[in-house]
Amino acid sequence: MIKTDLINLLYGLGIQPIDITDNWVRVSCPLADINHISKKDSNPSAGFKINNNGPSVFHCFVCGTRSMESILNTYKWRKGVDLFRQYITNEVPEKQESITYKEKVFQKKEPTPIPDVLLDLFEPIANAKNYIEARRIDLDIAGHHNLLYCKRFITHTNSVWENAVVVPIRDKDYKTYWLHFRSIDSKRFWHGKPNHFGLDIEWGREDSFFGMEHLDITKPVILVEGAFDCLRLKTLGLSNVIATHGGISHTSKKLLRLKNLSIICGFDADPAGRNFHKAVERFFQKSIQSLDWSIIGCKDPGEIKSKEDLQKVLQTNKRNHRFQDKWRNKI
Ligand SMILES: [Zn+2]
């Protein structure tokens, strides 16, 4: 790539050049959090080669040489920044004034994970075995998603959290971006926030899905609403399930992460769930298969009683409903 295109692409990815020469753009290794044992690049010695006659390659003295495609793929799947198509079609974002760029980079906040030490405050999910098994969720599967048990925790804001399941929302990098709590004694549900732990930081990522760390992008993925729906389906043998953990609309940018995947909607069998299905169809502008849990008398996949019931839903011939863009005039 020529110098200006390369620099534009790097800015688009949120990578700040440290210095630029005629044939080299030096950066702090953007893959350090994934590939370096220290998780950072304290002595930046990585860079992208400027090449007027062909593709640019990336080289890092710690983690080695990689193609631009490989970098873009990593950004797409681990960080949710997708510039692959623009790169292929050579439509790299226009360079603007450098001040605007800086603002842009600041606005595009890097997703910040929750410090791992906070997770150590809680107990293994095995200590909530009865509750997990009463919900017909396999304890090992809950463990694979790093669910934890909160026996008793007094927050820095002086709330007492007792007898709850801790549900971490992790991503492809296995880092935790949100911490949800579900009371075992009541229907109460809450979010763990930095101030609860006496921290003056911000964490999270807007484009998160529960179960993302185990997603297989080569297979159809079932999209459900809640973590427990996801875990119940996995217990019943469906492995490729992720949960939106919250409502979505046709403007939910996080759906972009599912672009190019084969999606099956498994939202709740209620008006809200049906609206989520419509939102996904509207977002992708095509018909998307939906599973109807009501035919086995369930409101959501968390309630499914048996593998046989699940098979009934999966085998029910999907109605050949053609996608109708009835919203077209409203957009
Ligand atoms: Zn590196």
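**Cores, sheets and a buried loop histidine**

Leaving aside residues up to four places away in sequence, Cys230 touches Phe210, Gly211, Val224, Val241, Ile242 and Ala243. Apart from the core to which Cys230 belongs lies another one, made up of 20 residues, among them Leu6, Ala46, Cys60 and Ile71. The model examined here is a predicted one, and the description that follows turns to the core around Cys230, then to the sheets, and finally to the segment that begins the chain.

The largest nonpolar core comprises 48 residues, and those with the most contacts inside it are Tyr149, Val166, Leu223, Val224, Cys230, Ile242 and Val280. At least two residues of this core are supplied by each of strand 7, strand 8 (160-170), strand 9 (176-183), strand 11, helix 9, strand 12, strand 13 and helix 10 (271-284). Because domain 2 (116-197) and domain 3 (212-314) both give residues to this core, it lies between them.

Three strands form an open sheet in the order 12-11-13, with parallel pairing. Strand 12 (241-243) and strand 13 (263-265) stand at the edges, and since each has a single partner strand, one side of each is left without a neighbour in the sheet. From one strand to the next, the twist averages 30 degrees. The pairing of strand 11 (residues 221-224) with strand 13 is in the parallel sense and extends over three bridges, with Val221 standing opposite Ile263 of strand 13. Helix 9 (residues 227-235) lies across strand 11 and strand 12, and runs at about 170 degrees to strand 12.

A further open sheet has five strands in the order 6-7-8-9-10, and its pairing is antiparallel. Strand 6 (123-124) and strand 10 (189-191) are the edge strands, each of them pairing on one side only. Strand 9 and strand 10 run antiparallel and are joined by three bridges; in this part of the sheet, Phe181 stands opposite Trp190 of strand 10.

The loop between helix 8 (139-144) and strand 7 (148-154) contains His145. This histidine, His145, counts as buried because it has 20 C-beta neighbours inside 10 Å, the threshold for that class being 20 or more. When residues up to four places away in sequence are not counted, His145 touches Gly211 and Leu231. His145 and Arg170 are 25 residues apart in sequence, while their C-alpha atoms are 8.0 Å apart in space.

Towards the start of the chain, helix 1 (residues 3-13) has as its buried residues Leu6, Ile7, Leu9, Leu10, Tyr11, Gly12 and Leu13. One of these, Leu6, is also among the residues of the 20-residue core. Just after helix 1, Gly14 takes a positive phi of about 85 degrees. Strand 4 (residues 57-60) and strand 5 (residues 64-67) pair in the antiparallel sense over four bridges, and the two strands form a hairpin with three residues between them. Within this hairpin, Cys60 has Gly64 of strand 5 as its bridge partner, and Cys60, like Leu6, is listed among the members of the 20-residue core.

Methods: Residues numbered from 1 in each chain as written. Predicted model: local features only at pLDDT ≥ 70, side-chain atom pairs only at ≥ 80, totals over all residues. Buried ≥ 20, exposed ≤ 12 C-beta atoms within 10 Å, placed from the backbone. Contact = placed C-beta atoms within 7 Å. Pairing = 2+ DSSP bridges. Axes fitted to C-alpha atoms, helices over the stretch in contact; angles between N-to-C directions. Core = buried A, V, L, I, M, F, W, Y, C linked by C-beta atoms within 7 Å. Domains from an automatic or database assignment.
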